[in-house]
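Subject: Handing over the structure

Dear colleague,

I am passing on to you the structure that we spoke about, together with some notes on what was found in it. Please have it open beside this message as you read.

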Amino acid sequence: MVTRLYTHPIFLEHLTPPGHPERPDRLRAIERVLDDEAFAGLDRVTAPAGDEATILYAHPEDFVARVRDAIPESGIVPIDADTSASPKSWQAVVTAIGAANAAVDDVFEGRVANAFVAARPPGHHAEKTTAMGFCLFNTAAIAARYAQKKHGAERVAIVDWDVHHGNGTQDIFWDDPSVLYCSTHQMPLYPGTGAKNETGVGNIVNAPLAPQTGSDMFRDALLSRVLPALDNFAPDLIIISAGFDAHHRDPLAEINLSEDDFDWATGQLLERAGRHSSNRLVSLLEGGYDLQGLAFSVAAHVGRLMKG
């Protein structure tokens, strides 16, 4: 059983304004680091076209239509202060969804041990009816719903270690006990959500971290809050919203993790996947804006996925 990597050239064609941190060079940095011979065993697959109907698993039809209508014929247009769209953005985001759903198929149908989707734009800030925070649609939420509808998963866990709280994922599953959402994130920081007392119907577990937090507090947050919640929930699938902007080099936050922390966290979630979900684990790229920090962290994450 291998680790599958999903990529596609279209992800480079979602364009953002000059100087924007969420830029195509992020994927180029990942591609370069994963070209090393240490990753020769990766099963590399071009992401399939997504089924636009699956977007409706997490977002209402009128919102989907508004995003589609906002895609320009040329240039770059703002969706909000931080979020943009360009002519190929629709194709990019739908292909990202297709890759995530295909990865769910892979782990439920036993084709791979686990999968990493290196796609953009990211998704975890997209709420039910709001595109924001560089995100148009919530890929992780759609993949979770897809696992339930296509494969009969009764319980799906989403673990989000992006340095920014996944307000969108929390919003979508706020009152749904069939999906567990766990997040470690810096607080205070954009988008301003993610306090410990935000618990939904008992299915939301937030572990906010103070600025300048390092490895010890991050690992303690997983060991004391996230991992016990996973054990109690016993998911049929674990989805990681894998942002790497908690790395100490990242310019958008003040958490001081290293690639070793992402290696360790990946191992902890693989162990829970083995314990509860027949090893079913899918990881989706979210943030990470220093190219070196991102590349080294993804290498550590994917390398650990390959070890199983």
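The notes below deal with aromatic rings, then with a pocket, and finally with a strand and its neighbours.

Please keep in mind throughout that this is a predicted model.

A search of the whole structure gives 6 aromatic pairs. One of these is formed by Phe63 and Phe137, whose rings are arranged edge-to-face, with 5.8 Å from centre to centre and 90 degrees between the planes. This pair links distant parts of the chain, since Phe63 belongs to helix H2 (residues 61-70) while Phe137 sits in the loop between strand E5 (114-117) and helix H4 (139-151), 74 residues apart. Phe137 also pairs edge-to-face with Trp90, and here the centres are 5.6 Å apart and the planes are at 85 degrees. Trp90 is part of helix H3 (residues 89-108) and Phe137 of the loop between E5 and H4, so this pair ties together parts that are 47 residues apart in sequence. Through such ring pairs, Phe63, Trp90 and Phe137 are linked into a cluster.

Are these rings buried or exposed? Phe63 and Phe137 are both buried, and for Phe137 the relative accessible area is 0%. Trp90 has a relative accessible area of 13%, and it counts as buried because the cut-off for that word is under 20%.

Another ring has a charge for company: the charged end of Lys149 sits over the ring of Tyr57, at 5.1 Å from the centre of that ring.

Turning to empty space, the largest pocket holds about 300 Å³. It is lined by 15 residues, of which Thr7, His8, Pro9, Leu27 and Glu31 are the closest to its centre. Strand E1 (3-7), helix H1 (25-34) and strand E2 (43-46) each contribute at least two residues to this lining, and H1 provides the largest share, with 5 residues. Sorted by kind, the lining residues of the largest pocket are 9 nonpolar, 2 polar and 4 charged.

Strand E1 deserves a paragraph of its own. Of its 5 residues, 4 are buried, so E1 is largely enclosed by the rest of the structure. E1 runs parallel to E5, and 4 bridges join the two strands; Thr3, for instance, stands opposite Asn114 in E5. E1 also pairs with E2, again in the parallel sense and over 4 bridges, and the bridge partner of Thr7 in E2 is Thr46.

With best wishes

Conventions. Residues numbered from 1 in each chain as written. Predicted model: local features only at pLDDT ≥ 70, side-chain atom pairs only at ≥ 80, totals over all residues. Heavy atoms only, no water. Phe/Tyr/Trp six-rings, centres within 6.5 Å; stacked < 30°, edge-to-face > 60°. Buried < 20%, exposed > 50% of the residue type's maximum accessible area, 1.4 Å probe, protein only. Lys NZ or Arg CZ within 6 Å of the ring centre and 35° of its normal. 1 Å grid on protein atoms, 1.4 Å probe; cavity = no way out; pocket = protein on both sides within 12 Å on 5 of 7 lines; lining within 4 Å. Points joined across faces, edges and corners; volume = space filled by probe spheres on them. Nonpolar A, V, L, I, M, F, W, Y, C, P; charged D, E, K, R; others polar. Pairing = 2+ DSSP bridges.
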